[in-house]
Amino acid sequence: MNSAEKVHPPGNGGFWNDTGKTGITAWIFSTDHKRIGLLYFYSVLTFFLIAVVLGVLLRIELMAPGRTIMGPQTYNAVFTVHGVLMVFLFIIPGFQGSFGNLVMPIQIGARDVAFPRLNLFSWWLYMAGAAVIITSLFTGGGPPDTGWTFYVPFSERTGTNVSLAVFGVFIVGFSSIITGLNFVTTIHRLRAEGMTWGKLPLFVWSLYATAWVQILATPILGITLALIIAERFLGTGLFDPARGGDPLMYQHLFWIYSHPAVYIMILPGMGVISEIIPAFARKPIFGYKMIAFSSIAIAAAGSLVWGHHMFTSGMSDTAILVFSFLTFVVAIPSAIKVFNWVSTLYRGSISLEAPMLFALAFILLFSIGGLTGLILGAAATDIHVHDTQFVVGHFHYVIFGGAVFAFFGAMHYWLPKFYGRRYAEKPAVVAWVLMFVGFNITYFTMMVLGMKGMPRRYYDYLPEFAPLNLVSTIGSWILVSGLILMLVNLFRGLFKGEPIDRNPWGAATLEWTIPTPPPTENFEEEPVVTHGPYDFKKAGIT
Amino acid sequence: MSGGLHKDNAGAKLGMWLFLFTELLLFGGLFLLYAAYLARYPREFGAAGREMHLGFGTLNTVILITSSLLVAMAVTAIQRGARRMVLLLLGGTVLCAATFLFNKYLEWSAEIGNGIYPGSSRLTAGPPGESVFYSLYYLTVGLHGLHVLIGATLLTFVAVRVQRGTIHAGDYVLLENGALYWHLVDLIWIFIFPLYYLIL
Amino acid sequence: MTTGTSEQHIVSYGKLTAIWLALLALTALTVWVARHNVGIGHVWGSLAIAVIKGGLVIAFFMHMKYEGRLLRWLLFFALSVLAIFIGLTFFDVLYR
């Protein structure tokens, strides 16, 4: 560790002090990747918290059969908006926008991204899209009630404000494309001297793979959403069987994007885990090349499996066979990652601090999520659990237990670096325990309910499902209490906590070699990279 | 490799190409639908295709190819430092774009006059494949037309910068990227033309 | 830094005009084929001509012939992805 140096007061020093504009304009018109990263961070966090509240309301409604706190139409709207906010406004832009922006340029030894102004523009587009989506909730026929998938024919016929919501998602998608092409160009063009592809931190590798998915898959979502609008306003009838259209073609187009989008959500999370584990096991990552390669492999194979969402939709048997087989192929690179993380832990000198706890939770929860994904990916078993609570449980294991726990890990791992102060350890651990326990109670129960045949997105259910639903709802309260404790502790720490020096965790990537908080252009002089990102010996960390 | 404070032209071009990929995939979704529905309704697609105005289609193909040539020559001209020539060529390109859109307007007016547009009573009564063909035609060509409009605006903006001298022989990546965008518009039309006008 | 190496390549007016003439000829050919050669495989014939035309535009008008290997591979990759998307969908479309 570096010796203690002059510590700045919070929100002060480094890039916090770059002069020029003042007040809010210093943020919303800044092209500094760190400021844009924080803009994104607080924006996505806000939508995350709104969506959490909606999720809790859903669980309260399902606490007992029949009406509990809301009517069926409200319920449909709430689960739709919960999904839309979580997917399109939180987790898809979340990692790339916040931690990608904050950390990636520093990790490759650059002063900023390749197109700083485009970077700011992408945040503005994101906010514009978000504003349109929020507007759609309160205007026209009211909030959309189609589910976040906007399936036709219902999305064409419902009187709710689907068109505006879809248009908002379209704008957010454009923002995502811009971030993607900015990151690919940055990683190709702005690596510091000596930062070869083989020395790239694994978080950067994961962002690179993710950015490609953003570039190549998001346009398909764009055209799909544009088609919904055309169907609603022009009556093109492309998905209307009465006029020769085929609703299944909508599902194909939608999932060509939306399945790879799952990897936009999870891949950067895997990258975070690959950073945290070596730092807290104080051991070079096991199988660097395989982890880097598996990020690309997951992005590639994950783009070929969209059909597994359509096994019961009436797709051809040949297609079911092909997509089921390809789905199993994705399990291979995912498993490679898990094995390598576990091998890194083996005989490491493990320090169980908050970021590491989140990383360990990720490995377990993601593995459960991934393995239950195979139950859904196998055509035969899928027919039993398709469109049941099992799918909801599986999805939340992968995305909440996986991506979001990684996001929390990243918050504990990186935010102190940018604020210069850190959270208290003990409450962070307590919060982690609460969330871990609450999470499993909430979502494991859902999977059991799904196995027993409780469908998803249903307002009411048979009395025999009542006890487990009650358990799941109570689990959600434990989960949320942990979440509140975590956020209070984290933010109190960032503003009032103990100051930290350059490298509080003893990690070997570039961001820990510069002052805390990082200065405006990150590096006083351009760094020359001589050792790998997890080479603790050469980095002089013992 | 560098820190990113200077102008990185190769980086700007890479970024532009990545953007063009997203455009290809955007139209790709419509081509995917076209392929799937062609496989289902080959006869109806053929019949509908025969009714298209081949004259307009061919004329617009020639116009777009010519505009593509002009903008490619503009890049050559700026590399040689011939500013007046660049302005002339860009003007020609934008003129081609305007002619293209005018033709499109005449063509669509004729078709709409014949009762061919999404949701029209004629198409609703006709065979299902026909309605799908024309809906796809209007969406694809409409989206392409929008790109023609954006491209022409972009090239006008570039021409103003050339006029002002901020784009010159030493720094012309903006013109290059504008030209790349325009070629993409041409490229997509090259595929739209046979799929909608020449399918018999 | 000066401009990158690849963009120094100047394509002459003459060469560009030759490509333009080739494109016009191919357009005439594809229209002629469509009018006279009715039969199966006709869609593929038209598409093949379109691919050649597209290839000419990309290689010469868009300077891809003079770019580095990276851009060429990326273009190939992006087009392959589109082809795979369409191809996999046909496992459903053709066998339903």
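1. Start with the contacts inside chain B. Of those with a separation of 6 or more, 76% are between residues 24 or more positions apart. This is a predicted model, and the points below should be read as such.

2. Chain B is helical in its assigned elements. It has 7 helices and 0 strands. Along the sequence the pattern reads α-α-α-α-α-α-α. Its C-alpha atoms fill a box of roughly 60 × 35 × 25 Å, taken along the principal axes. Chain B has 200 residues, and buried residues make up 55% of them.

3. Chain B touches chain A. Here 29 residues of chain B are in contact with 34 residues of chain A. On the chain B side, helix H1 (9–40) and helix H6 (128–164) are the elements that give two or more residues. H1(B) provides the largest share, 13 residues. By residue class, the chain B side splits into 17 nonpolar, 11 polar and 1 charged.

4. Chain B also touches chain C. In this interface, 37 residues of chain C are in contact with 37 residues of chain B. Three elements of chain C each supply at least two residues to its side: helix H1 (13–36), helix H2 (42–61) and helix H3 (69–93). The largest share, 10 residues, comes from H1(C). The chain C side is made up of 25 nonpolar, 10 polar and 2 charged residues.

5. Now chain C on its own. It contains 3 helices and 0 strands, in the order α-α-α along the sequence. Chain C has 96 residues, and 27% of them are buried. The domain assignment splits the chain into domain 1 (12–62) and domain 2 (68–96). The centres of these two domains of chain C, taken over C-alpha atoms, are separated by 22 Å.

6. In chain A, look at where helix H3 (residues 72–107) packs with helix H7 (residues 202–234). Their axes are 10 Å apart, and the angle is about 125°. Angles between 115 and 145 degrees fall in the oblique class, so H3(A) and H7(A) are oblique to each other. H3(A) passes H7(A) in a left-handed crossing. From H3(A), the residues are Gln96(A), Gly100(A), Val103(A), Met104(A) and Gln107(A); they meet Phe203(A), Val204(A), Leu207(A) and Thr210(A) in H7(A). The contact is a mix of 5 nonpolar and 4 polar residues, with no charged residue.

7. A second helix pair in chain A is helix H13 (residues 389–419) with helix H15 (residues 466–496). The axes come within 10 Å and cross at roughly 15°. An angle under 35 degrees counts as roughly parallel, and H13(A) is therefore roughly parallel to H15(A). The crossing of H13(A) and H15(A) is right-handed. H13(A) brings Phe408(A), Met411(A), His412(A), Leu415(A), Pro416(A) and Tyr419(A) to the contact, and H15(A) brings Met486(A), Leu490(A) and Leu494(A). Sorted by class, the contact has 8 nonpolar residues, 1 polar and no charged.

8. Is Trp512(A) buried or exposed? Trp512(A) sits in the segment after strand S2 (498–499) of chain A. It has 22 C-beta neighbours inside 10 Å, and the cut-off for burial is 20 or more, so Trp512(A) counts as buried. Beyond its neighbours within four places in sequence, Trp512(A) is in contact with Arg502(A), Asn503(A) and Ala507(A). Take Arg502(A): Trp512(A) is 10 residues away in sequence and 5.7 Å away in space, C-alpha to C-alpha.

9. Val322(A) belongs to helix H10 (residues 317–345) of chain A. What is its exposure class? Val322(A) has 18 other C-beta atoms within 10 Å, so Val322(A) is partly exposed. That class lies between the limits of 12 or fewer for exposed and 20 or more for buried. Val322(A) and Leu304(A) are 18 residues apart in sequence, and their C-alpha atoms are 9.7 Å apart.

Technical notes:
Residues numbered from 1 in each chain as written. Chains lettered and ligands numbered in written order. Predicted model: local features only at pLDDT ≥ 70, side-chain atom pairs only at ≥ 80, totals over all residues. Contact = placed C-beta atoms within 7 Å. Helix = DSSP H or I, 4+ residues; strand = E, 2+ residues; numbered from the N terminus. Nonpolar A, V, L, I, M, F, W, Y, C, P; charged D, E, K, R; others polar. Domains from an automatic or database assignment. Axes fitted to C-alpha atoms, helices over the stretch in contact; angles between N-to-C directions. Parallel < 35°, antiparallel > 145°, perpendicular 65-115°, else oblique. Left-handed = near helix turned anticlockwise from the far one by under 90°.
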